[in-house]
Amino acid sequence: MNGHVTPWLAAYHDGELHGRRLRQVEEHLAECAACRAELKELQSLSALLHESAAEGLMPAERFVAQVGLRLPRRPTKPAWQRTLETGWRLAPAGLVGVWAFVQAVFIVAGVVMIALQVYGVDVLGLQQPAHHETWLTAALSLLGARLGDTTLTILKELDMLRWGLTFYLTATLAIVLLYWSWLASLWARRQHQQLQAQAS
Amino acid sequence: MVYRMCGDANLAEDAAQEAFIRAWKHLPSYRPRSPFRNWVYRIANNAALDVLRRQRETVDVDALPLANSGASPEATVEKEERAARVRQAVLDLPDASRAVLVLREYGGLSYKEIADTLSIPIGTVMSRLNYARNRLRDLLSPCLEDI
């Protein structure tokens, strides 16, 4: 090799060379005394820098104690505030619990209804002609429609389904909104903490 | 690391304490995108520079006693004098070059880690390191002959 590898010696010394370049420098060093001398100087400088040990520094225990003394104290919060904080942190778990409960109620109610229909048990009086009007039968009556018993039963089932769905959707929406609110307050708290940290 | 940046035990202790306190206060703003060590080194580097800056306003850092004044055998005295000369030479480097040299030589950081810690390109790390080493070689050439 003709050219010296001086520009790469520092990186070689620091272990920053890899692959082809590393092999190139190693091969050159094997046959070039000038570059070896240059490398030796770098190594001597590192050795010299490390030779001067840190002296006169205080013992680690004393240092830790001094840092501890200079750290800002955390204000102790009253018990009610700590309880509130814990409750706030557990809020998502509570919301998930409520959501699971709503799901379970909806599924169990659906299964019970289907089972009752299959076995012909008329606990809710669905097979009886409707004695009271639902919102839909009233609307249809107003339009002059004549409704048979089967039609009335179907309409009554539809009416129940509507109430069930309304309950389910309202509960789900409320849970989602509460969870979003919790996330928004979490984000606001973090922003506030960051601003405080930057200010201090 | 702060000891090498400050060149004096008392200043280094101040800077290290300052660095730990800043790290504690700013812990919520730490994002694990970069290694925790780099983040702490960056804080320590800034704390060391701040302490030096404050100190320069009141005391001439160059006039700080670097050698131990206690009585010691001849060889120890010679070694201590050499160590003091090394510390002084490192301290005489410009802040930017000294930070790179200290992170490399005493912190053992790679070029990439130094670049991340100081928010500078790798090319700048290499050029500052070269500058610092060349300058130290000039300043410490008599000591280097003894190694």
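The following conversation goes through a predicted model of two chains, A and B.

Student: What secondary structure does chain A have, in helices and strands?

Tutor: Chain A has seven helices and zero strands. Read along the sequence, its pattern is α-α-α-α-α-α-α.

Student: And how many helices and strands are in chain B?

Tutor: Chain B has eight helices and zero strands.

Student: How much of each chain is buried?

Tutor: In chain A, 21% of the 200 residues count as buried. In chain B, which has 147 residues, buried residues make up 48%.

Student: What share of the contacts joins residues at least 24 apart in sequence?

Tutor: Among contacts between residues at least 6 apart in sequence, the share is 61% in chain A and 64% in chain B.

Student: Let us turn to the nonpolar core. Which residues touch the most other members of the largest one?

Tutor: That core has 57 residues, and Leu9(A), Leu101(B), Leu136(B) and Leu140(B) touch the most other members. Helix H3 of chain B, residues 36-58, gives the most to this core, with nine residues. As a general point, nonpolar side chains tend to be buried together in soluble globular proteins.

Student: What does Leu9(A) touch?

Tutor: Apart from residues up to four places away in sequence, Leu9(A) touches Val25(A), Leu29(A), Cys35(A), Glu38(A), Leu39(A) and Leu42(A). Leu9(A) is also one of the buried residues of helix H1 of chain A, along with Ala10(A) and Ala11(A).

Student: Which helices do the buried residues of H1(A) pack against?

Tutor: They pack against helices H2 and H3 of chain A, and against H6 and H7 of chain B.

Student: What follows H1(A)?

Tutor: Gly15(A) follows H1(A), and its phi is positive, near 70 degrees.

Student: You listed Leu39(A) among the contacts of Leu9(A). Is Leu39(A) buried or exposed?

Tutor: Leu39(A) is buried, because its relative accessible area is 10% and the cut-off for buried is under 20%. Leu39(A) is found in helix H3 of chain A. Beyond its neighbours within four places in sequence, Leu39(A) is in contact with Leu9(A), Tyr12(A), His13(A) and Leu29(A). Leu39(A) and His13(A) are 26 residues apart along the chain, and their C-alpha atoms are separated by 7.2 Å.

Student: How do H3(A) and H7(B) pack?

Tutor: Helix H3 of chain A, residues 33-51, and helix H7 of chain B, residues 122-139, pack at an angle of about 80 degrees, with their axes 11 Å apart. The two helices are therefore roughly perpendicular to each other.

Student: Which residues meet there?

Tutor: From H3(A) come Glu38(A), Glu41(A), Leu42(A), Leu45(A) and Leu49(A), and these meet Arg133(B), Leu136(B) and Arg137(B) in H7(B). By class, the contact has four nonpolar, no polar and four charged residues.

Student: And what about H6(B) and H7(B), at what angle do they cross?

Tutor: Their axes cross at roughly 105 degrees and come within 9 Å. That makes H6(B) roughly perpendicular to H7(B). The contact is made by Tyr111(B), Lys112(B), Ile114(B) and Ala115(B) of H6(B), with Ile122(B), Val125(B), Met126(B), Leu129(B) and Arg133(B) of H7(B). This contact has seven nonpolar, no polar and two charged residues.

Student: What is special in the loop between H6 and H7 of chain B?

Tutor: Ser119(B) lies in that loop. Ser119(B) is not a glycine, yet its phi is positive, about 55 degrees. Most residues other than glycine have a negative phi.

Student: Changing topic, where is Trp39(B), and is it buried or exposed?

Tutor: Trp39(B) is in helix H3 of chain B. Trp39(B) is buried, with a relative accessible area of 13%. Leaving aside neighbours within four places in sequence, Trp39(B) is in contact with Ala23(B), His26(B), Leu27(B) and Tyr30(B). Trp39(B) and Thr117(B) are 78 residues apart in sequence, and C-alpha to C-alpha they are 6.5 Å apart in space.

Student: Last one: how far does helix H2 of chain B reach?

Tutor: H2(B) covers residues 9-26, and its 18 residues reach 25 Å from the first C-alpha to the last, close to the 26 Å expected at 1.5 Å a residue. Its buried residues include Leu11(B), Ile21(B) and Ala23(B).

Technical notes:
Residues numbered from 1 in each chain as written. Chains lettered and ligands numbered in written order. Heavy atoms only, no water. Core = buried A, V, L, I, M, F, W, Y, C linked by side-chain atoms within 4.5 Å. Buried < 20%, exposed > 50% of the residue type's maximum accessible area, 1.4 Å probe, protein only. Helix = DSSP H or I, 4+ residues; strand = E, 2+ residues; numbered from the N terminus. Contact = heavy atoms within 4.5 Å. Expected span 1.5 Å × (residues − 1). Axes fitted to C-alpha atoms, helices over the stretch in contact; angles between N-to-C directions. Parallel < 35°, antiparallel > 145°, perpendicular 65-115°, else oblique. Nonpolar A, V, L, I, M, F, W, Y, C, P; charged D, E, K, R; others polar.
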